[in-house]
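Welcome! Have the sequence and the 3D view ready, and let us walk through the salt bridges, one helix and the core together.

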Amino acid sequence: TNTGLLRAAATVLPSGTTFEIADINLPLFNEDIENPLPESVAKFRKQVQEADALLFASPENNYSVSAALKNAIDWASRPPNVWNGKAAAITSSGGGAGGVRSHYHLRQSGVY
């Protein structure tokens with residue numbers, strides 16, 4: 001699974017490195033509930049903002065990333081954009097193309 005890939009990545013990090021798997025079970029993005037931010041969204045944005053680097057692990061759904069990940073991307077890109085300047089890597093598990101199309105779409109989502 002993709003969460004399994006994240007857990008495996010955590011086992012090979014240099015000593016002293018911290019690793020967190022963010023909870024992206026967030027409410028659907030909606031400008032009407034943006035002020036104040038829902039608590040789960042504020043926590044997620046803080047995690048992204050404090051991270052030195054990011055590792056995305058997402059299944060491929062209909063040639064794209066999961067709806068939950070796209071929703072998290074939308075929440076974190078709101079001003080101020082907490083993705084800005086972050087180093088990132090992408091991985092996924094699965095058969096067939098192995099998520100390559102979702103990787104492509106995720107890279108496109110990062111260019112705004």
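Let us begin at Arg-101, which is partly exposed at 35% relative accessibility; here buried means under 20% relative accessible area, exposed means over 50%, and partly exposed lies in between (1.4 Å probe, protein chains only). Before going further, please keep in mind that this is a predicted model, in which local features need pLDDT of at least 70 and side-chain atom pairs count only at pLDDT 80 or more, while totals for chains, interfaces and linings use all residues. Residues are numbered from 1 along each chain as its sequence is written, and side-chain values use heavy atoms, with hydrogens and water left out.

Which residue does Arg-101 pair with in a salt bridge? The partner is Glu-60, and the closest N and O atoms of the two are 2.6 Å apart. A salt bridge here is a side-chain nitrogen of Lys or Arg within 4 Å of a carboxyl oxygen of Asp or Glu. Glu-60 sits in the loop between β1 and α3, while Arg-101 belongs to helix α4 (residues 100-109), so this pair ties together parts that are 41 residues apart in sequence. Helices (H or I, at least four residues) and strands (E, at least two) are DSSP runs, numbered from the N terminus. Glu-60 is partly exposed, with a relative accessible area of 23%.

Elsewhere, Glu-31, Glu-34 and Arg-78 are joined into one network by salt bridges that share partners. Within this network, the closest N and O atoms of Glu-34 and Arg-78 are 2.7 Å apart. Glu-34 is in the loop between α1 (2-10) and α2, and Arg-78 is in the loop between α3 and β2 (87-91), so their salt bridge ties together parts that are 44 residues apart in sequence. Is Glu-34 buried or exposed? At 13% relative accessibility, Glu-34 counts as buried, whereas Arg-78, at 24%, counts as partly exposed. Leaving aside neighbours within four places in sequence, Glu-34 is in contact (heavy atoms within 4.5 Å) with Phe-29, Trp-75 and Arg-78.

A further salt bridge lies within helix α2: Glu-50 and Lys-46 are 4 residues apart there, separated by about one helical turn. Their closest N and O atoms are 3.1 Å apart. An α-helix has 3.6 residues a turn, so residues three or four places apart point the same way. Glu-50 is exposed, with a relative accessible area of 55%, and Lys-46 is partly exposed, at 47%. A search of the whole structure finds 5 salt bridges.

Now turn to helix α1, where Asn-2, Leu-6 and Ala-9 are buried. These residues cover an arc of only 60° around the axis, which puts them on the same side of α1; the arc is that of the directions from the helix axis to the C-beta atoms. What do the buried residues of α1 pack against? They pack against β1 and β2.

Our last stop is the largest nonpolar core, which has 16 residues. Such a core is a set of buried Ala, Val, Leu, Ile, Met, Phe, Trp, Tyr and Cys residues joined through side-chain atoms within 4.5 Å. Phe-44 and Trp-83 touch the most other members of this core. At least two of its residues come from each of α2 (39-50), β1 (53-57) and α3 (67-77). Of the contributors, α3 gives the most, with 5 residues.
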